[in-house]
Every structure is written in C-alpha cells, then in structure tokens.
Amino acid sequence: MEENQHFLCGVVEGFYGRPWSMDQRRFLFQWMQNWGLNTYLYGPKDDLKHRLLWREVYSPEEEGQLRTLITEAQSRGLRFVYALSPGQDIVFSSPCDLTLLKRKLRQVSDLGCQAFAILFDDIDHSLCQADSEAFSSFAHAQVTVTNEIYRFLGEPPVFLFCPTEYCGSLCSPSVQKSPYLQTVGEDLLPNITVIWTGSKVISRKLSVDRLAEVESVLQRPPLIWDNLHANDYDSRRLFLGPFKGREPWLRGHLRGLLLNPNCEFEANYIPLHTLASWYRAGSRDRKDEETDYCPDRALSDALHDWMEELNQPLQAGRQSTRSDHRSSRSKTPDRSDCTSTFRGTSTVAKLPVFPLNSSSPPPSPTKGKAEGDIREGEKRQPSQASRQLPAPRPAAPSGGGRRPKAQGRGLCGGKGLLSEAQVRLLVGLHYLPHEHGPSAHKLLQDLTWLKSNCHLVSANSKKNSPHKVDEWRDLAAGFLSLCDDIAQLHCSVVGGANRAVLYDLYPYVWDLRNMALVAKAFVCWLDGRVLNDSATLASWRNCFHLCGKTTELLGDESEPWAFKGGVSGEVQMLLPIGSNNELFTHPPPLFPTSRLYNIRPYHSKDKVELYRMVRQLHLRSHCGQDSGASHPDVVGDRCLGPCLALCPEYSFILEDELGVCGCILGILDVRSFAKRCQASWLPAMRDKYLPNGGHSNTQDLIKLMEEDQGEYPDSLLYHFPSQLRLDTLPELVDISVSRTLLVTLLVALKANGSQGVFCEVQPTDSQRLEFLTKLGFLEILRGEARSREGVVMARLL
C-alpha cells in the first residue's frame, strides 16, 4: 500500500444506537474515497451479532450482504476492519468459547476481510471462578485470548485490540502505574495495535506528551478511537463542528486515528470532511507546521461542499428521488426481530419514524385513511371532529378572520434551498461537545445578561436610567432576531428537498426551535411584566445564575455527558423552571411541519381574535348550537374575560402565518384574583348583560359567571396558588407547540414567585388529561372543585 496507507485514518462505526444502513455505508465509502481516507471499522454496539450474540454466525443472506460491503470498501481502496466484542460474557478459559470465537472470525475472513479488531471496552473487570483459576489477572486473560486469535488468523497486517482501560481517566491508579496496561504492553504480541481514546472517553485535546506516556507503557504507538463527534450519550446533542484539538504532527506518535461520529449519518459530512483535511495536512512536508491545518478554514471548505449535498433531492436512507412517488409509512425494524444490521435500505432515523416524501401526512395508523393534506400556506383543513359538525365554520366579522399575515417573514412552505447563513447557524448551534459555535455562544451570553439585568425593565422597579433601559431593549431585540432565525432554520430544514437530512436532523432542530420559542416569549415578557425581587437570596434569578455557567465550570476535567442537553439544555437551565426536565424532554411530533409559529405576550388588540377563537371552539364542542347567539361576547367573557381584564400580564398568544391559533391564560394568585373579580369584573358584567337589555338568559349567564369565580379548597391553593387555562384550535398542525405554550406560562408564573399551578379539566377530555399527565401534572381533586364535575390537575414549579 502507499505510504499514506500506513497510517490508518477513517471512520469507526462504533456507537450505541441504531446502526447505519447498507446504503448509508456505501455513501460513506464514496465520501472516504473522494476525501482520501483509508480505513473503515465495523463495530456498532447495537448489532446483536457484533456484541450480545457474538457467538452466532451470520446467515447466508447476511453473509452475502457482508461480502458485498467488504468488496465495496476494498474496491474504493479502503481497508475494512471487522470488530467483535465478546467481553460481556466470554469465558476466557473455555475451549468452547474460544472455538466459537475462531469460527465467527473465520467466517468473516472467508468473506474477504483481511483486518480485524477484538474489543473489550465497557465491560466488567471481574473474572469468573474458572478464569480466576486459569489466569493471573484480567489483562492476562484478555491478552492470552487475543494473541491466540491473532495467530489463528495468520497474523494479519492490521489487528486491533481495545483494552478495558482505554483512556487515561479509566486507568487505575494512573496510565504510568496501571498494572492492567503494563500487562498489555508486555504480553500482547508486538504487531497488535492497541486502541486508545485519549485522556478521557471524549478528549477535548490530544497532546504529544500524554501520547508519548501511553506509547511508553504500551510499548507501541496507539491507534486513536476518537469520540470527539460521538453523540450516543445524549439524545439532545448533535455535533456538526470541525475536527479540532488534534494537531497534524501527532501522527508521528500514532498508528492511526479513526473517528467515531454522530449516530445520525447525515450529520457527519463536516466532521469527516474536516478529518480528511487534517489527514491530508499531516501528510504534507511543510516547514511551518502551524499552517498545516486550520479548523476554521477546513470548516469553510466543508460547508461549501455540504451546501450542494444539503439541497440534493434525497429520501431517507439516501435514495434519490428520481421520480415522484407516494408517501408511505416506513416501518422501523425492531432490534428484537433482527439479529444483524445488514439490511439493504432500512431507515436509520431516531424515533419517531415519519414519512417525509411529501408535505402531507400519510394514512393515519388508527383510521386507515389519510385525513387530507396539510400544506403550508393553504387554508387550514378542519379536524376530524369538526367535519362532523352540521354547521359550517362561522364567518369572521369584517376585518377579522385567520388570513395569512402580511407582516413578518411570510410563509415557509414548499421545498426550498438552505442558505449558507442558515447552514452556518445550524453548525454553530450544534458545534462540539466542549465548545459552542458563535451563534450558540451569543444566544446563551445574551440570555444570561438579559435575565440578570431584567430589573431594569421590571414592572415595579424604581426609575432606571433611560440609557440602561435602552441598552437592555437593544440587546433583547438582537436576541429575539436570533430566535426568529432559529425558527426559520427549522422551517427550512423541514421544507427542504433533502429528506435524508431531515430524518436525521429534525429532532434536534425541532427541540431547539421549541426552546427558542420559549426563550423569545420569556424575554418579551420580562419587559414590563417581571416583578423586581430585591432579596439577595432565594430569587429565581440568583438561583439559576450558576446554572448558566455550568459548562464553563465543568472545564476540561469533566466528560461532556456531565451536563445534558447541549445548547437546548443550557437555555433550559437559564429559565426559572429549567430543572423540571419532564417539561422539556419529549419526542418530536410524528409528522413534521414547516409552518412558522410564534409565542408572545398578549396585547389588548388580540382580544377580538381570542373571543372569536373560543366561540368557534364552543360551537364545535356543542355541535354548532350557539348558546350565546344573542351576544357574540358571551363565551369570551366567560372563558377569557376575567384574566384578560385583571391579569393580562400572564396571557400568551400562539400564532402562525394564518393568525392566532391558541392562547394560554394564567392567574398568579387565585385568592386575590377572586376578590378582584367580585369587586370589579362581575359588576361590569351585570351592567353589560342587563335583564332588560334584550339578551336572553342573562340571569343564568350571570349566575354561571359567579360560579366560575367560586372558591377552591385552601388545601389546594396552599400548594398550588396559580391557575391556567389553555385553548388551541384542534387543527393545529404541530401539536407539540401546545406544550411549548404551556411551558412559557409556567416560566412566567415561576419567575414572579409561584410555587405551583393547577387547571380544571372535564373528566371526559381524555386527550387533555393525558397531555397534562405527560407534563408532570397530577390529579388532585375530582368533582370537588366549586361543586362541579371537573378534574383538577396540578403540579409544583
């Protein structure tokens, strides 16, 4: 092989989670050939026959596909390394287990594989009784079996061994003094290469000094299994940043370097592209080594090439959309039913799996037929329930109705092209495990400052300097613009032509979009609505000041999984209810939509539209019978009027391109609110609906309003002093934004001192009960609240 091939550089498919499909691996080999990488190691942890069922040989069908994969790699000049992980249950002293291990590797060798790896990572250090009697130590047992297998296979030129102590932090008591590593270095045959991940499982940097120390103990240069871009430890993190923290001249101390990247195949274009740039830089004979490899320059080159890839019309699993075909539900293979991952065109998206061949949803799994296309920019289709109504949707009065909004960024439908600015934003928000990109850094820095200085614009603050107030609002405007860019990015990814990218990236851009919606609404709400807390302790602002600094405090000495969630997690922890993970960790909706949503505080001009919305909801729930036909405000005055009049600062609006599609109303202190209703709201309603004013059933209406403001038990209000009401149109395209809307109100209530919140739900509304239960609400009362049949659901904040 050429000189460059002596240094093994490429990809290890060694993560936990759904392995890549055969089609994706073929595309991977094409990338690697084009970019000059030379080695692929097959070792996905969730391939049952690689790890859990390692003793079982491959079926004839699996043999054929594995042979094809090996041939494909070799035809592109790549070295295919087959890895096996028998360490979980192997009995090292058992002749039977050794025979089965040889049989399995002989089968793969007969398929044309010429390079192998035995992995003993992530297993228990203890030996069984039989092995304790046969071997002097755990390391001795592993080395003995590895040496025998190496000889059995004819001492192949590439044979890798992954030790159980595979990084500095796992060595006891240290790398230099580890008896385990000393045994490996002394007894393992010299031509067997030892795998190493660096000072940590996920090492921020690799240094010459530490690699020289490892080389000295192992008595050979190690091969780096690089987990820099691995994301299998956190379902909310993705790493799109460049290969970084490894200088090209490290090659002189290594046998090779294989990158173990993101589980999501499509997320690995930039990591692998920049790895190849690093590899090519290290092979050049330059005097000025510092100019050999520049991560930022490599990132720009990779972004330029990825732009073309992103806008290709590819389906999930990397199938080209040469012809138009119908969307159909993709069935995800259950791992309990497939013992190997050699499947020709299996999809590889994280759950949930959804068809993305068109902008319309596929047939419903429960109804057996589609409920109609939901296309962005078109008129809303009524929900299944609303179609059963005999009466049509009531016409909006002049000047109202849900039309596409003229202002803002406009509709976001159809399959468009991602811009370079959007791709840079995407990468910056999902950069590297120890480092945020510029956009993420600005997002977190600005939110931290706005939260810490919100006293400048608080509702009850003393007169502040106009200059300081303007400074706060100017920074807030920039923050809101960045949140809008994130929402637009989500829209563009969902509406793009490359559905393969959408499959893999959607859960992450969706999660960050929802977090941006909450953060944007929260910052808008702070201006003039948050109460200034003069106490130095026990305020939410002081409590969460430290949380915003978490990643900085962790430093280089902690693994990235010590703090979950990435940028979304850090934004979450900057919010008053950030520690309530059940409010933020939910799977994305089954059918993605590129509709643009916005959540914002209520303004008085919204009242007419909100009244119209709740009246429509009332008509639908009562089969078109309008009990308030004599006056259009009846339903609105009952359902929304008191909150909008007496505590509008705890009301939020959900809107999309067509207008208002939901709202949530909150009451900070139910006791004081009830007194204010009795003093001002009910008298105003008695004046509005006079018995002789021509309105039917006015006395009954006033009585119902009085009952609405009845008393709740003190035992409830002691722990849950706040109340909420949530209303959304049933044809809401992305129902997950209902959760985001509710979270937004909880953030505001917590910020102004609430310790708990409740809401009343009809016992027949099973969907609403399930929705609240998933968000941590528990049933507190049933049929006891204000002498009605409602169910009271509550949760602490």
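Trainee: In which loop is the place of P173?

Mentor: This is a predicted model, and in it a cis peptide bond joins S172 and P173, with omega at about 0°. Following the chain on either side of P173, one finds that its place is in the loop between β5 (158-162) and α6 (179-187).

Trainee: Which strands make up the closed barrel, and with what kind of pairing?

Mentor: The chain holds 25 helices and 17 strands, and eight strands form a closed barrel. From one strand to the next the twist averages 25°. The pairing is parallel, and the order of the strands is β1-β2-β3-β4-β5-β6-β7-β8.

Trainee: What is the bridge partner of L8 in β8?

Mentor: Strand β1 (residues 8-13) runs parallel to β8, and four bridges join the two. Looking across from L8 to β8, the bridge partner found there is G256.

Trainee: Which strands does helix α1 touch as it packs on the sheet, and what angle does its direction make with that of β2?

Mentor: Helix α1 covers residues 22-35 and packs on the sheet, where it touches β1 and β2 (39-42). When the direction of α1 is set against that of β2, the angle is about 155°.

Trainee: Is D122 buried, partly exposed or exposed?

Mentor: D122 is found in the loop between β4 (115-119) and α4 (129-134), and it has a positive phi of about 55° although it is not a glycine. Its relative accessible area is 35%, while buried would need a value under 20% and exposed one over 50%. D122 is therefore partly exposed.

Trainee: Where is the place of E155, and what is its relative accessibility?

Mentor: E155 is a residue other than glycine with a positive phi, near 50°. Its place is in the loop between α5 (138-152) and β5. E155 counts as partly exposed because its relative accessibility is 45%.

Trainee: How many residues apart are D511 and R236, whose side chains meet in a salt bridge?

Mentor: The side chains of D511 and R236 meet at 3.0 Å, N to O, and the pair links distant parts of the chain. D511 lies in helix α14 (residues 499-529), whereas R236 lies in the loop between β7 (223-226) and β8 (256-259), so the separation in sequence must be read from the numbering, and it is 275 residues.

Trainee: Are D511 and R236 buried or exposed?

Mentor: The cut-off to keep in mind is that buried means under 20% relative accessible area. D511 has a relative accessibility of 8%, and R236 has one of 14%. Because each value falls under the cut-off, D511 counts as buried, and R236 also counts as buried.

Trainee: Which helices does the salt bridge between R473 and D527 tie together?

Mentor: The side chains of R473 and D527 meet in a salt bridge of 2.9 Å, N to O. The pair ties together parts that are 54 residues apart in sequence, because R473 and D527 lie in two helices, α13 (residues 466-495) and α14.

Trainee: What is the relative accessible area of D527, and does R473 count as buried or partly exposed?

Mentor: R473 has a relative accessibility of 40%, so it counts as partly exposed. D527 is partly exposed as well, and its relative accessible area is 25%.

Trainee: Why does the span of helix α18 agree with its number of residues?

Mentor: Helix α18 has 15 residues (607-621), and at 1.5 Å a residue these should span 21 Å. The expected value agrees because the end C-alpha atoms of α18 are apart by 21 Å.

Trainee: How many of the residues of α18 are buried?

Mentor: The buried residues of α18 include L610, Y611, M613 and V614. The helix is mostly covered, and of its 15 residues the number buried is 11.

Trainee: Which residue of α18 meets R612 in a salt bridge?

Mentor: An α-helix has 3.6 residues a turn, so residues three or four places apart point the same way. R612 and its partner both lie in α18, three residues apart, about one turn of the helix. R612 counts as buried at 12% relative accessibility, and its partner counts as buried at 16%. The two side chains meet at 2.5 Å, N to O, and the partner is E609.

Methods. Residues numbered from 1 in each chain as written. Predicted model: local features only at pLDDT ≥ 70, side-chain atom pairs only at ≥ 80, totals over all residues. Heavy atoms only, no water. Expected span 1.5 Å × (residues − 1). Buried < 20%, exposed > 50% of the residue type's maximum accessible area, 1.4 Å probe, protein only. Salt bridge = Lys/Arg side-chain N within 4 Å of Asp/Glu carboxyl O. Pairing = 2+ DSSP bridges. Axes fitted to C-alpha atoms, helices over the stretch in contact; angles between N-to-C directions. Contact = heavy atoms within 4.5 Å.
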